Amino acid sequence: MDPILLSRWQFALTTIYHFFFVPLTLGLVWFVAIAETIYVRTGQQLYKQMARFWGKLFLINFAMGVVTGIVQEFQFGMNWSTYSRYVGDIFGAPLAIEGLLAFFLESTFLGIWIFGWDRLSKGLHAATIWLVALGSNLSALFILLANGFMQHPVGYRINPASGRAELVDFGALVTNPRGWLLFLHTIPAGLATAAFFVLGISAYHLVRRQQLEFFKKSFQIAAIIGLIGSVAVGVAGHFQGIYLLEVQPMAAAASEAHWETVYPAPFKVVALFDLTGKREIWSLQIPYALNWLYLPKDVGAIPGINQIQAEYVARYGPGDYVPLVALDFWMFRIMVGAGLLMIALAAYALYLPLSKWPERWTRGLRWMGWAIALPYIANTSGWILTETGRQPWIVHGLLRTEEALSPTLGAGTVLFSLIGFALVYAALMAADVYLLVRYARAGLAAAEQEAVDPALPVARAQR
Amino acid sequence: MSTELLQTLWFVLIALLWIGFFFLEGFDFGVGMLLPFLGKRDEERRAFINTIGPHWDGNEVWLIVAGGATFAAFPDWYATLFSGFYPALFLLLLGLIVRGAAFEFRSKDAHPRWRSLWDWCIFAGSLLPALLLGVAFANLVRGVPIDADKNYTGNLLTLLNFYGLLGGVATVALFLLHGANFLSLKLAGDLHGRTRRLARRLWPVAFALVTILMVATCFLTDLYSRLGLASGVIPLSAVVALLLAGSFLGRGREGWAFAMAGLAIILILVTFFVTLFPRVMISSTNPDYSLTIYNASSSPYTLRVMSLVALILVPIVLAYQFWSYRIFRQRIKADPRSLTY
């Protein structure tokens, strides 16, 4: 086995797993903060219950995001030490700032929030959850600026003496449009994830006619945030796509399986590829439509994979600069498909309360529980597209993934750790989902007591 | 500021982050290791967890930031250390992951088997990182095989030498004492007396191991040959601080006992970092291959930017972390109504 391949699988596993929890953290924290603030301003108990119930589910999810995040901080040095030496001068900075600015903030104030209900004034207690929200979202910003540098390196020069990349313009690093577009895409994605989470769980209880007032209210708030969030994700994604064409044309072309530079280019709705994943067998095309996707901008002739490959060979030397086209093509379609479905469902959820209760409601609500999966599918496929679309580069145009590995690392060691992470992560995922489902189903009573008593059947624990 | 000054500043800052981590997470780990043994009933175990409940996550961030700061200021140190100590760090990560999840999960289901499972996860997730960090730090000052390309050429077994293992065991013993001291400060009623007695029983073990570790540091590292007799002052004061901790324990002055054992932790780490300076990883293959703050650091520009960031943020972080300890300064009883975790 190849330590590079194993290390890539390990990075994929740990990162996808980490990002399974992060979007819900990023979005749900705003729900909790808004609910608690309304409670402080109006004194209505309903909103305190809302902060506590959704806050409980937030906490079960949050812990997993934190502990899997430590792996993210360490594995650049563990598996990718050549990368770390080469770009550490630049890449280390946003990581360190993320820790100092964001991790301390969110972890300290979350500790105070969990334990401080009776120790702080109401206003101060609500302020702590706002600081948690600020901390977690700042954390997203800085890690995405770090990733933005890998996608589109800026503000650096290659030091001829040391042969490594060094930072020359911190301002450029933290204003990198690639990183900011990722951030503007990720934040509404988090809101949409949280919204569908709240919609799904609320629907579960509404269908069963339980705690109607509470879950109707939650449902309505979530429908608004869900619609805004999923539309904003799409808009941000659109502008990200336009910028991607400019700075990473290969990734853009791969996501559309666009081989030859032509104007105007056809859009491929679906396509089949051979086993290499880099050759197309068949596709269903709409003529001219690829150029329409970039509207309102007229991007002209869109460079094709074959032309970019030839250009990169001329610029960087011989090699295969084509990412796994089949994977990126389909990830893009899965992401966008899930996103469009989310917009439709959120709009429907917004319209539902206008229709007649309860006959119309309960029929439409049955779908909502399953829709919780949609943002998770979109989030995951989006990241797979972003990270594999950049290949064979680890830092676009500067360093190839195959050159970035720790030179001392044996395949056996990585295989061992890969299996170890996989087993532990699978066990924790099972426990986490078990708890989330249990608390979500148990409803409000569970938020006020720590543990759902296993001796009680679920139906009785709800009251 | 000159480049050398910036490099020294970042060495000191990273040392401070590690010291902060060992002091704070030290009692966290201690509480975690004592949990399944000391808590007889479930409410008692929950009371133990609640003493560190609001803080453990924030304490752990000190480690993450130490890692991040090392990456930013000394990329070669980060790259060599993390790739070289791969198996140890993998186990450390598993420990921390399981431990963090266990804190959040354990009280969310009342089934005794469920709770006992996570309590043992907290135990293992506290013991393993404490042991591994001690082994790693001792090996850092002892020196490890590093080649001319700054790559570690040993394996996991290379780290398991006498001095490394001594470092690991002494760290575990000291954290147990630190944890027991912390518990006796934070708990009320019956639990308070029980943890105080336990601290007294743990003290001789910790004292003996730390004394051996400090003596060994003078003989098995190049501390003495580089700095002469004056170098003995810091390890000696670590031993004295721990001696004082024992004396305060005997007289029931638990606040002072906690402070003195904490001071011993700080002084042991100061000993380590003084031995290292200005090196960050000592090569046992050839002293010339050692990584130093000069040949492992980031560019002066990055160091300047990061210094400015740290100068602004560190005081703010210290202020609100201090505030969080003040909010939760009251003692905790094993009363189900007042427990959160």
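# A tour of chains A and B

Of the 341 residues of chain B, 64% count as buried. This is a predicted model, and the tour begins with chain B before moving to chain A.

**Stop 1: chain B as a whole.** Select chain B and colour it by secondary structure. It contains 13 helices and two strands. The C-alpha trace spans about 60 × 40 × 40 Å along the principal axes of the chain. Its radius of gyration is 20 Å, which agrees with the value near 20 Å for a compact globule of 341 residues. Among contacts in chain B with a separation of 6 or more, 80% are between residues 24 or more positions apart.

Now show the surface of chain B. The accessible area comes to about 12200 Å², and carbon and sulfur atoms account for 70% of it. Colour the charged side chains next: chain B has 27 positive and 19 negative charges, and the mean positions of the two sets are 11 Å apart.

**Stop 2: helix 4 of chain B.** Select residues 75-84 of chain B, which form helix 4. How many of its ten residues are buried? The count is ten of ten, and the helix is mostly covered. The buried residues include aromatic names to pick out in the viewer, among them Trp77(B), Tyr78(B) and Phe82(B). Asp76(B), Thr80(B) and Ser83(B) are also on the list of buried residues in this helix, as are Pro75(B) and Gly84(B).

**Stop 3: Arg304(B) and the start of the chain.** Select Arg304(B), which lies in helix 13, residues 300-327 of chain B. Is this side chain's residue buried or partly exposed? Arg304(B) counts as partly exposed because its relative accessible area is 44%, and the class runs from 20% to 50%. Now add Met1(B) to the selection. Arg304(B) and Met1(B) are 303 residues apart along the chain, yet their C-alpha atoms are separated by 8.2 Å.

**Stop 4: a cis bond in chain B.** Go to Phe277(B) and Pro278(B). The peptide bond joining them is cis, with omega about 0 degrees. Pro278(B) sits in the loop between helix 12 (254-276) and strand 1 (279-281) of chain B. Most peptide bonds are trans.

**Stop 5: chain A as a whole.** Switch to chain A, which has 17 helices and six strands. Its C-alpha trace covers about 70 × 50 × 40 Å along the principal axes. The radius of gyration of chain A is 24 Å, which agrees with the value near 23 Å for a compact globule of 463 residues. Buried residues make up 60% of the chain. Of the contacts in chain A with a separation of 6 or more, 77% link residues 24 or more positions apart.

With the surface on, chain A shows an accessible area of about 17900 Å², 67% of it belonging to carbon and sulfur atoms. There are 31 positive and 27 negative side chains in chain A, with the centres of the two sets 12 Å apart.

**Stop 6: the nonpolar cores.** Show both chains and select Trp54(A), Tyr83(A), Phe219(A), Trp18(B), Phe105(B) and Leu242(B). These residues touch the most other members of the largest nonpolar core, which has 259 residues. Centre the view on Phe219(A). Which residues does Phe219(A) touch, leaving aside those up to four places away in sequence? They are Leu199(A), Ser202(A), Ala203(A), Leu206(A), Ala349(A), Leu352(A), Trp361(A), Leu365(A) and Met368(A). A second, separate core has 16 residues, including Tyr312(A), Val322(A), Val325(A) and Phe329(A).

**Stop 7: backbone details in chain A.** Select Gln391(A) and Pro392(A), which are joined by a cis peptide bond with omega about 5 degrees. Pro392(A) is in the loop between helix 14 (373-389) and strand 5 (393-395) of chain A.

Two further residues are picked out by their phi angles. Most residues other than glycine have a negative phi. Gln211(A) is not a glycine but has a positive phi of about 45 degrees. Gln211(A) is located in the loop between helix 6 (177-207) and helix 7 (212-247) of chain A, and is partly exposed with a relative accessible area of 25%.

The last selection is Tyr288(A), also not a glycine, with a positive phi of about 70 degrees. Tyr288(A) lies in the loop between strand 4 (280-286) and helix 9 (289-293) of chain A. Its relative accessibility is 47%, so Tyr288(A) counts as partly exposed.

Definitions and conventions:
Residues numbered from 1 in each chain as written. Chains lettered and ligands numbered in written order. Heavy atoms only, no water. Helix = DSSP H or I, 4+ residues; strand = E, 2+ residues; numbered from the N terminus. Rg over C-alpha atoms; globule rule 2.2 N^0.38 Å. Buried < 20%, exposed > 50% of the residue type's maximum accessible area, 1.4 Å probe, protein only. Contact = heavy atoms within 4.5 Å. Areas by Shrake-Rupley, 256 points an atom, 1.4 Å probe, with all protein chains shown as cover. Lys, Arg positive; Asp, Glu negative; His and termini not counted. Charge placed at Lys NZ, Arg CZ, Asp CG, Glu CD. Core = buried A, V, L, I, M, F, W, Y, C linked by side-chain atoms within 4.5 Å.
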